[in-house]
Structure formats: C-alpha cells, structure tokens
Amino acid sequence: MRRKNQFKGVNSIKFHSAISSDEACLAYLADLKWNDGYSCHKCGHDKFYKGFKPHSRRCMKCKYDESPTANTMFDKCKFSIQVAFHIAFKISTKKKGMSSMELSEEFELRQKTCWEFKWKIQQAMQSSCNYPLNGTVHVDEFYIGGEEEGKRGRSKGKKKLVVVALEIVEGGVGRAYAKVIQDA
C-alpha cells in the first residue's frame, strides 16, 4: 500500500517516473481512496470484489461498480488520467500558477478543457479550515474590488470586505485563512 503523502516534496523527475502510465495513476488513486477501507458510495456496504474496469471495486450488496476516479477531481476527465496528474502537479507546485492558456499549449488540449479542469483542482485545493493557525498570527481586513466611479479611497461601494489571518513560521509564511465579512 502506498503512503498518502508519497508526492509531498517530490521533484518533477521523481513525480513523472512514479506516474509513468494511466495504470500507475489509477493504482495510486485506488490505494489513496480506499486506504482506510472500502465503503460503497451508494449503499455504504463494506464488502467488495474486483470491478469491471482496472482498479475499480464492485459492491457485493448493491453491485455498484466504483472507479478510483469517481467522486474525485479526476471524475469524467476528458483526457488521460496521466495528463490530469501532470496538470495537477504543475498547478500545485508552481508558485505563480499556470493559466489555462499555458496548460493548453503545454498539454495540447483545448483552453476551455484546461480551464474546467483547473477549476476542479482549485476546488479540491480549497482549505478545510481544520488546521488552526499556530504561533504568531497577523490579522487584517481589506477591500477587494476595482476602482468605482464616484467612490474614493476605502469607501466600500460594491467592493467586498475581507479579513485575512496569516501564520508566521520560521523561514516565512505558513497557512493563511481569508473570509468575506460584512463590516470591519
């Protein structure tokens, strides 16, 4: 069984060799998805046998066949899962991110397809807020929104007021949480 954080801190060469095929990607996803045991998505039953597709599991009770990609950001992908893994790796490791146009050019996919998959990745990367900030934490509020005609400075208008909490750790910044608020 593979460990959940197998790719944490991995450089791109090691990552690319670890997911050298769709088969390797599906095996990794299956191990990760059912690491804590199988539970049928439809009926909750915990007994299964091999499904029809590679690395899928079929419920012994309701016969639901579940793919390792089902209910993940890889579900209903319009391109190979190996390419999807590479896109996810690029987006999650590049400090300044990648536009859907850059992804489209690099992976030879339609820009809209890349945009849709990038959105799925961003949703999956959303914070669970389950990890409290520790140590020194800086908090501030600010407005988000462009200039508005007839509004000056910090006047609200149609802008959104946001509060942000930022954890300071040795060597830089740790986690951060932000939330839209009604007033300061």
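How do the axes of H3 and helix H4 (residues 100-107) cross, and within what distance do they come? Here are some friendly notes on that and a few other spots, with the reminder that this is a predicted model.

1. **H3 against H4.** To take the opening question straight away: the two axes come within 12 Å and cross at roughly 140°. That angle makes H3 oblique to H4, because only angles over 145 degrees would count as roughly antiparallel. The crossing of H3 past H4 is right-handed. If you would like to find the contact on screen, look on the H3 side for Val83, His86, Ile87, Lys90 and Ile91, which meet Leu103, Glu106 and Phe107 of H4.

2. **H4 against H5.** H4 also packs with H5, and here the axes come within 8 Å, crossing at roughly 115°. This crossing, too, is right-handed. From H4, the residues making the contact are Ser100, Met101, Leu103 and Ser104, while H5 brings Gln111, Cys114, Trp115 and Lys118. Leu103 deserves a second look, since it appears in the contact with H3 and again in the contact with H5.

3. **How far to trust the model.** The mean pLDDT of the protein is 86, with 90% of its residues at 70 or more. Among the elements, strand S2 (residues 57-59) has the highest confidence, at a mean of 96, and strand S6 (residues 172-181) the lowest, at 83.

4. **Phe74 and Phe117.** The structure holds seven aromatic pairs. One of them joins Phe74 to Phe117: the ring centres are 6.1 Å apart and the planes stand at 40°, a tilted arrangement. This pair ties together distant parts of the chain, as Phe74 sits in the loop between strand S3 (65-66) and helix H3 (81-93), whereas Phe117 belongs to helix H5 (residues 111-124), 43 residues away. Both Phe74 and Phe117 are buried.

5. **Phe79 and Phe117.** Phe117 has another partner in Phe79, with ring centres 5.4 Å apart. The planes of Phe79 and Phe117 are at 85°, so this pair is edge-to-face. It again links distant parts of the chain, from Phe79 in the loop between S3 and H3 to Phe117 in helix H5, 38 residues apart. Phe79 has a relative accessible area of 13% and is therefore buried; Phe117 is buried too, at 3%.

6. **The wider aromatic cluster.** Which residues make up the cluster around these rings? Phe74, Phe79 and Phe117 are joined by Tyr28 and Phe85 in one aromatic cluster.

7. **Two residues with positive phi.** Neither of the next two residues is a glycine, yet His55 has a phi near 65° and Lys76 one of about 55°. His55 lies in the loop between strand S1 (48-50) and S2, and Lys76 in the loop between S3 and H3. Are they buried or exposed? His55 counts as partly exposed, at 28% relative accessibility. Lys76 is exposed, because its relative accessible area of 71% is over the 50% cut-off.

8. **Ala24.** Finally, a small residue to check in helix H2 (residues 22-33), where Ala24 is placed. Its relative accessible area is 15%, so Ala24 is buried. Measuring from C-alpha to C-alpha on your screen, you should find Ala24 and Pro54 at 11 Å in space, with their positions 30 residues apart in sequence.

Key. Residues numbered from 1 in each chain as written. Predicted model: local features only at pLDDT ≥ 70, side-chain atom pairs only at ≥ 80, totals over all residues. Heavy atoms only, no water. pLDDT = per-residue confidence, 0-100. Helix = DSSP H or I, 4+ residues; strand = E, 2+ residues; numbered from the N terminus. Phe/Tyr/Trp six-rings, centres within 6.5 Å; stacked < 30°, edge-to-face > 60°. Buried < 20%, exposed > 50% of the residue type's maximum accessible area, 1.4 Å probe, protein only. Axes fitted to C-alpha atoms, helices over the stretch in contact; angles between N-to-C directions. Parallel < 35°, antiparallel > 145°, perpendicular 65-115°, else oblique. Left-handed = near helix turned anticlockwise from the far one by under 90°. Contact = heavy atoms within 4.5 Å.
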